[in-house]
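Student: I should like to take a close look at a single part of this model and then see how the surrounding parts relate to it. Please treat the matter in one connected answer.

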Amino acid sequence: MSRANPRATSLFYLAFQKYLTPPTLRHAHTKARQPWRHTAPQRYPNDRMKYATTRAVPTQKESLRPQSHYDLFPSSLPSGAPPTGSFHIDPIALRKEFLQLQAKAHPDRHQGIDKAKAEAASARINDAYRTLLNPLARARYLLSLSGVEMSEDESIAGSASDSGEEMDAELLMEVMEVREEIEAAGSRSEVEDMKAANNERKKASEKILDELFHAGDIEAARKETVKLGYWVNVGTALDNWEKAGDGRVSEHD
C-alpha cells in the first residue's frame, strides 16, 4: 500500500480547517488576527483619517476663548501682549474698541440669564480697559502673566526689604531731591516745569519696559516697573500740590 504524501495531507487540512473549527472559536480567532479592523462605516476612503484627526482639533468655542486682557481687544491690539506685541498702546484706538465692546455687552440690551452674562462680560471689559490704559497697571499685569505679582502701592523700599535686595541709592536720592523741590515750590509755573520733567522720566521708563518685555527679561522689567511706580507717585504729588496750593499760587503768579 502506498503511503500518503505528508505535504498533500497538510494542504488538505489547511483548506478545510474552517469547516473543522467550531464557529465560536473561528469568530474569536478571526478577531484576534485582525485587531486593526475599523468598525465605523466606510462611506469614504478617508473616513478613518477623518475620525482620527477631527477629535484633536479644538472647537470654535475653545479657540475663541479670551486668554488675557489683550485678547479682548483684537482690533487695537492685533499683535497681543509682549513679546509679540508692543508694550506701548494707542489710547485712542483702545478706547474706540472699548466703547464698541461695551455697547454690545451692555446689560440693558439683554434679559434673564443673558443679562447676568452681559454684566459679567461688561465688568471684565472695564477691568481690562483700565488695566491696559494705565502704563504702570499694564506693566504689573504683564508681570503677573509671568508669575510675578506686585501690589498697586508697592515701593522700592518695600520690594527691597521683602526680597533682601539692596535699594538703588542713586534712584532714591533722585526721588528725594524731586520731593524736596515739590515742597519748596512757590508757583504754578515751577510745578508745571517739574511735571514736564517727570513726564519725560515716565516716558523713558516705559520705553525701557517695552525693550525688557520684548526681550523677555522679567526680573529687569520688575525693577523698572518699581521705578516707574516712583515717578507715578511723584506725578501724583505734583497734582496734589496744584490742588492744595490754589490759594497761595495767586500770591506768586
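Which residues does Leu228 touch, not counting residues up to four places away in sequence?

Tutor: The model is a predicted one, in which local features need pLDDT of at least 70 and side-chain atom pairs count only at pLDDT 80 or more, while totals for chains, interfaces and linings use all residues. Residues are numbered from 1 along each chain as its sequence is written, and side-chain values use heavy atoms, with hydrogens and water left out.

Leu228 touches Pro135, Leu136, Lys202, Ser205, Glu206 and Leu209, when residues up to four places away in sequence are not counted; a contact means heavy atoms within 4.5 Å. Leu228 is placed in helix α12, which spans residues 218-244. Helices are DSSP runs of H or I with at least four residues, strands are runs of E with at least two, and both are numbered from the N terminus. Leu228 counts as buried because its relative accessibility is 1%; buried means under 20% relative accessible area, exposed over 50%, and partly exposed in between, with a 1.4 Å probe and protein chains only. One of its partners is Glu206, and the C-alpha atoms of Leu228 and Glu206 are separated by 7.6 Å although their positions lie 22 residues apart along the chain.

Helix α12 also takes part in salt bridges, each defined as a side-chain nitrogen of Lys or Arg within 4 Å of a carboxyl oxygen of Asp or Glu. Side chains of opposite charge can pair when their charged atoms come close. The side chains of Glu219 and Arg222 form one such bridge, at 2.8 Å from N to O. These two residues are three apart in helix α12, so about one helical turn separates them. The two ends of this bridge differ in accessibility: Glu219 is partly exposed at 39%, whereas Arg222 is buried at 11%.

A second bridge leads from helix α12 to another helix. Asp239 and Lys195 meet through their side chains at 3.1 Å, N to O. Asp239 belongs to helix α12 and Lys195 to helix α11, so this pair ties together parts 44 residues apart in sequence. Asp239 is partly exposed, with a relative accessible area of 33%. Both residues belong to a network of salt bridges that links Arg188, Lys195, Asp239 and Glu242.

Helix α11 is joined in turn to helix α10. The side chains of Glu174 and Arg201 meet in a salt bridge of 3.6 Å, N to O. Here Glu174 lies in helix α10 and Arg201 in helix α11 (residues 188-215), 27 residues apart, so the pair links distant parts of the chain. Both partners are partly exposed, Glu174 at 32% and Arg201 at 21%. A search of the whole structure finds five salt bridges.

Away from this group of helices, the loop between α5 (60-63) and α6 (91-105) holds Ser68. Ser68 is buried, with a relative accessible area of 11%. With residues up to four places away in sequence left out, Ser68 touches Arg124 and Tyr141. Pro83 lies in the loop between α5 and α6 as well. A cis peptide bond joins Pro82 to Pro83, with omega about 10°. Most peptide bonds are trans.

The loop that follows α6, between α6 and α7 (113-133), contains Asp108. In contrast to Ser68, which is buried, Asp108 is exposed, with a relative accessible area of 64%. Asp108 and Ala118 stand 10 residues apart in sequence and 8.8 Å apart in space, C-alpha to C-alpha.

The wider setting of Leu228 may be stated briefly. The protein comes to 13 helices and zero strands. Of its 253 residues, 28% count as buried. Among contacts between residues at least 6 apart in sequence, 65% join residues at least 24 apart. The accessible surface comes to about 17700 Å², of which 54% belongs to carbon and sulfur atoms; such areas come from the Shrake-Rupley method with a 1.4 Å probe, and for residues only the protein chains shown count as cover.
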